[in-house]
Amino acid sequence: MRSAFQSPIGLLRVGFSKATHMRTPVICGNWKMHKDAAGTASFFESFRTLVDRSENCEVVICPSFLNLETAIRATRGTRIQVGAQNLCWATEGAFTGEVSGPMIRALGCSHAIVGHSERRKYFGETNESVLEKTVAAIDAGLTPIVCVGEHEKKNAGKALMEQFRYAIDALSDEQFARIVIAYEPVWAIGTGETATPKTAAAAHLLIRGQAKDSFGKEAANNVRILYGGSVKPDNAKSLMAQPGIDGLLVGGASLDPVSFGAIVNLSTCQASRTSSMSYAKSRVIERG
Ligand code: PGA
């Protein structure tokens, strides 16, 4: 079956090929530079009980480096995982102010966010450093959540593909199988303007289509692609209802246990169905 639809990121011509797959959703909170140790501990006191039935998705919280240990302690015995917001591409050495993958892993963390647009914008991260950090995270036994996303709506597909080409394409098949991708349109981060489920789904389809071209059908079917950018309890469910959206990367709304708990639980409802996934053979004609 072939279908075509007009998406905000260009005209996608999509040939679907069906395959049944289970991609366990990931709901990840990115706290950015918020909360001290006391705030971290009190968050988990309420949050733990709010999500103790959410068995159909992985729940990850990424506090600041300083509070990783507090978070690890507070989540012991729960299904909540803890991740870092960044890591150094080197394992050790004279890199003042940096924190390495092995150090993060040794604390008990499972994930690391890599290449968030704020790191690209304020701290000079490039596609090349994102690639190096992704490999460093994998080598340390962490799951990298690799962020991509366009700055402007215009030419979004082109910008996304460029980031994919330079930050992800050079991974080996084995490395690619270990990553999670987060699609975060920069214009939607912290602005309250969420991508519509249709726009987000189109971008996810594009990324998955590129993953198929680069790493093959199986790898593209298996990779989890999260959406991030002004996710709130009232839009989480409709975003997660899109078949290609495998989870959420949540900033502001993850700071409050009740709101993040609601997002996790809404997403879990969606996730409890067996997902019949499609991958796209997509041909994208950029709009000027
Ligand atoms: P936001 O942030 O949910 O506050 O828009 C998302 C992110 O930056 O990961």
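**Overall make-up**

I counted secondary structure first: the protein has 11 helices and 11 strands. I noted that this is a predicted model. I then looked up burial and found that 48% of the 288 residues are buried. For contacts between residues at least 6 apart in sequence, I recorded that 75% join residues at least 24 apart.

**Helix α6 against helix α8**

I took the pair formed by α6, residues 156–167, and α8, residues 197–215. Their axes come within 11 Å and cross at roughly 40 degrees. I therefore entered α6 and α8 as oblique to each other. I logged the crossing of α6 past α8 as right-handed.

I listed the residues that meet. On the α6 side they are Ala156, Gly157, Leu160, Met161 and Phe164. On the α8 side they are Ala203, Leu206, Ile207 and Gln210. By class, I have 7 nonpolar and 2 polar residues in this contact, and no charged ones.

**Helix α5 against helix α6**

I turned to the other side of the record for α6, its packing with α5, residues 127–139. I noted an angle of about 50 degrees, with the axes 8 Å apart. Oblique runs from 35 to 65 degrees on this side of perpendicular, so I entered α5 as oblique to α6. The crossing of α5 past α6 is right-handed.

Asn127, Glu128, Val130 and Leu131 in α5 meet Gln163, Tyr166 and Ala167 in α6. I sorted the residues of this contact into 4 nonpolar, 2 polar and 1 charged.

**Asn155, ahead of α6**

I checked backbone angles in the loop between β7 and α6, where Asn155 is found. Phi of Asn155 is near 60 degrees, which is positive in a residue that is not glycine. I counted 16 other C-beta atoms within 10 Å of Asn155, so I put Asn155 down as partly exposed.

**Ser230, ahead of α10**

I found a second entry of this kind at Ser230, whose phi is positive at about 55 degrees although Ser230 is not a glycine. Ser230 is in the loop between β9, residues 224–228, and α10, residues 233–240. Is Ser230 buried or exposed? I counted 20 other C-beta atoms within 10 Å, and the cut-off for buried is 20 or more. I therefore recorded Ser230 as buried.

**Ile145 in strand β7**

I looked up Ile145, which is placed in strand β7, residues 143–148. I classed Ile145 as buried because 29 C-beta neighbours lie inside 10 Å. Which residues does Ile145 contact, leaving aside neighbours within four places in sequence? I listed Cys28, His111, Ile113, Val114, Val180, Ala182 and Leu249. I also took the C-alpha to C-alpha distance from Ile145 to Leu226, which is 8.8 Å. Ile145 and Leu226 are 81 residues apart in sequence.

**Ligand shell**

I finished with the ligand. How many residues surround the ligand? I counted 13, and the closest are Asn30, Ile189, Gly228, Gly251 and Gly252. By class, I sorted the shell into 5 nonpolar, 7 polar and 1 charged residues.

Notes
Residues are numbered from 1 along each chain as its sequence is written. This is a predicted model: local features need pLDDT of at least 70, side-chain atom pairs count only at pLDDT 80 or more; totals for chains, interfaces and linings use all residues. Axes are lines fitted to C-alpha atoms, for helices over the stretch in contact, and angles run from 0 to 180 degrees between N-to-C directions. Helices (H or I, at least four residues) and strands (E, at least two) are DSSP runs, numbered from the N terminus. Angles under 35 degrees count as roughly parallel, over 145 as roughly antiparallel, 65 to 115 as roughly perpendicular and the rest as oblique. A crossing is left-handed if the near helix is turned anticlockwise from the far one by less than a right angle, and right-handed if clockwise. Two residues are in contact if their C-beta atoms, placed from the backbone, lie within 7 Å. Ala, Val, Leu, Ile, Met, Phe, Trp, Tyr, Cys and Pro count as nonpolar, Asp, Glu, Lys and Arg as charged, and the others, Gly among them, as polar. A residue is near a molecule or strand if its C-beta atom, placed from the backbone, lies within 6 Å of it. A residue is buried if 20 or more other C-beta atoms lie within 10 Å of its own, exposed if 12 or fewer, and partly exposed in between; C-beta atoms are placed from the backbone.
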